[in-house]
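Visitor: I am new to this structure and would be grateful for a close look at a single part of it, namely the interior. Please take me through it step by step.

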Amino acid sequence: MQSVYRTIESLAGSDATGFIVGESGTGKELAARAIHAFSGRSGSFVPVNCGAVSAELLESELFGHTSGAFTGATRARRGAFELAHGGTIFLDEIGELSPPLQVKLLRVLQEKEFQRVGGNRSHKSDVRIVAATSRDLKKAVQDGHFRDDLFYRLNVVKIRAPSLRERRDDIPLLTKYFMDKYCFEFKKEPV
């Protein structure tokens, strides 16, 4: 974990894209939040779970939309890239992006701009991108399911979040932390 912490600190001091890999539950979002917290960026930390939103809605979630862009879009809405301006956007489960969204994200990485759904005006993007996945994206690239150019744009600084079974020495520390936390919260003495 000390190696992970050193990489987080190093990445936080730059504007490089972060790429966090690891199984579900290994703390990928916590690592992304730490990168943002240590970065000195003044904007917000905006997490987006790419696997939890349908492809149709995800584009609007990321880039926003104009009024009338689709049925139900009664007013313009800012997306995650606008909300995170000056800060960090965390794209969790990035491997779930559809091919058309992969192209649009690649444009944001290369050109630092995007368009809202239904719009034709470009918006500048001053965000640090931290992406995460529990999938083997290198294999997804080889299988043709993920763009290789996007993969290499995301995989600038890679952080591997180890599972707890690889960090057995942390179990007593975590047990004590949670015991203390919940004993305090529920006003109980440890058993």
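Guide: Let us begin with one cysteine. Cys50 has a relative accessible area of 2%, and because buried means under 20%, Cys50 counts as buried. Please bear in mind that this is a predicted model. A further cysteine, Cys183, is buried as well, at 15% relative accessibility. The structure holds zero disulfides.

From Cys50 one may pass to Ile94, since Cys50 is among the residues that Ile94 touches when those up to four places away in sequence are not counted. The other residues touched by Ile94 on that count are Phe19, Leu105, Ala131, Ala132, Thr133, Leu137, Phe146 and Leu154. Ile94 also has a prominent place in the largest nonpolar core, which has 31 residues: together with Phe81, Ile89 and Leu91, Ile94 touches the most other members. Helix 5, spanning residues 99–111, gives the most to this core, contributing five residues. A second core, separate from this one, consists of 15 residues, including Ile8, Ala16, Ala32 and Val130. In soluble globular proteins, nonpolar side chains tend to be buried together.

A serine may be considered next. Ser39 belongs to helix 2, which covers residues 28–39, and Ser39 is buried, with a relative accessibility of 18%. A polar atom of the Ser39 side chain lies 2.7 Å from the backbone oxygen of His36, and the side chain of Ser39 also reaches the backbone nitrogen of Arg41, at 3.0 Å. Apart from neighbours within four places in sequence, Ser39 is in contact with Ala12 and Arg128.

How values were computed
Residues are numbered from 1 along each chain as its sequence is written. This is a predicted model: local features need pLDDT of at least 70, side-chain atom pairs count only at pLDDT 80 or more; totals for chains, interfaces and linings use all residues. Side-chain values use heavy atoms; hydrogens and water are left out. A disulfide is a pair of cysteine sulfur atoms within 2.5 Å. Buried means under 20% relative accessible area, exposed over 50%, partly exposed in between (1.4 Å probe, protein chains only). A nonpolar core is a set of buried Ala, Val, Leu, Ile, Met, Phe, Trp, Tyr and Cys residues joined through side-chain atoms within 4.5 Å. Helices (H or I, at least four residues) and strands (E, at least two) are DSSP runs, numbered from the N terminus. Contact means heavy atoms within 4.5 Å. A polar contact is a pair of N or O atoms within 3.5 Å; within protein, one must be able to donate a hydrogen and the other to accept it, and residues adjacent in sequence count only if both atoms are side-chain atoms.
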